[in-house]
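Colleague: Could you take a close look at the salt bridges in this predicted model for me? I'd love to hear which side chains pair up and how buried or exposed they are.

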Amino acid sequence: MKSPRISPHAVWDFVKDLVIINAGMAIYAFGWAGFLLPYRITTGGLAGAAAILQYASDIPMQGTIFLINGILLMIAWWQLGWKFTLKTAYAVGALVLYLDLGQKLMTDDAGHLIQLLGEGQDSMACFLGASINGLGIALIFLSGGCTGGWDIVAAVVNKYQNISLGRVMLFLDFFVISSCWFIFNDWRMVVFGFVTLIVYTYVLDIVLNSSRQDVQITIYSKKHHELGEAIRELTGHTNTLIYGEGGWSHEELKIEVVIVHKREVVSVLRLIRDMDPEAFVTQHRVEGVYGKGFNVIKG
């Protein structure tokens, strides 16, 4: 079938997403430049690895992020399409810009990053930096964006393999954070790294209202066939048709039920709005979804 025609709503939604991604990256970069980097605290992910490299060699973390993401974005363009790649490239570009600007603003005349909370406030800096980072990344995820780094790898792998990369990411985060011991020879900094990761993840989940949940969307529309095909092309998830009857009109109707990941809900709702503004839609949070495209039942 032909792809839905680009509507003014779609253009506005895309622009709005970019604005929110920009704000999210500004907040995320402030968490790093204002609290984590001055106190030489790291965390997991590509950003954490780039921070450790900066501590060890004075190579700016934004340079490492830009270089590695540049390679990953070429892979994303090839495998995931232009829309995902454009949003991710925008997010990465904004992060690099704000990290560079933030560190310049936070550097004193002696060339050292200013510790806003004063000396010896590593614990509070760890908590505040992680909380701010979690808020910034949550805004990016809510607008369908991606921060680059390992998220790109996960998106590419999940396109072809129905596996969860949670354990792999956890192992990589453990490796990155633990490696800072070789820089500082101080287990306290390793602990701060893990605390940062935990607080960051907790705040992220709160803002996203439990991002691990999936959502069941029920659609009452005369365009159920067109919507079903469009949603399948957009998300890869198929739909189920339930035959019903209108309680007042007594007309036969087909009710469309589809289960998607929480991060896909906004895109699906926008698609429904553009294809059938008169559709009646409900959504419900569901947990423990097993089957193709979701979780695997383990014995």
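**Salt bridges, one by one**

Modeller: Happy to! Searching the whole structure of this predicted model turns up five salt bridges. Let me start with arginine 270 and aspartate 17, whose side chains meet in a salt bridge at 2.8 Å, N to O. This pair links distant parts of the chain, 253 residues apart: arginine 270 belongs to helix α11 (residues 265-275), and aspartate 17 to helix α1 (residues 8-36). Both arginine 270 and aspartate 17 are buried.

Helix α11 (residues 265-275) is a good place to stay for a moment. Aspartate 274 and arginine 273 also meet in a salt bridge through their side chains, with 3.3 Å from N to O. Aspartate 274 has a relative accessible area of 30%, so it counts as partly exposed, since buried means under 20% and exposed over 50%. Arginine 273 is partly exposed too, with a relative accessible area of 30%.

Now to a set of salt bridges with shared partners: these join Asp122, Asp186 and Arg188 into one network. Within it, the side chains of arginine 188 and aspartate 186 meet in a salt bridge of 3.7 Å, N to O. Arginine 188 is partly exposed, at a relative accessible area of 43%, and aspartate 186 is partly exposed as well, at 25%.

To put the burial side by side: arginine 270 and aspartate 17 are both buried, whereas arginine 188 is partly exposed and so is aspartate 274.

How values were computed
Residues numbered from 1 in each chain as written. Predicted model: local features only at pLDDT ≥ 70, side-chain atom pairs only at ≥ 80, totals over all residues. Heavy atoms only, no water. Salt bridge = Lys/Arg side-chain N within 4 Å of Asp/Glu carboxyl O. Helix = DSSP H or I, 4+ residues; strand = E, 2+ residues; numbered from the N terminus. Buried < 20%, exposed > 50% of the residue type's maximum accessible area, 1.4 Å probe, protein only.
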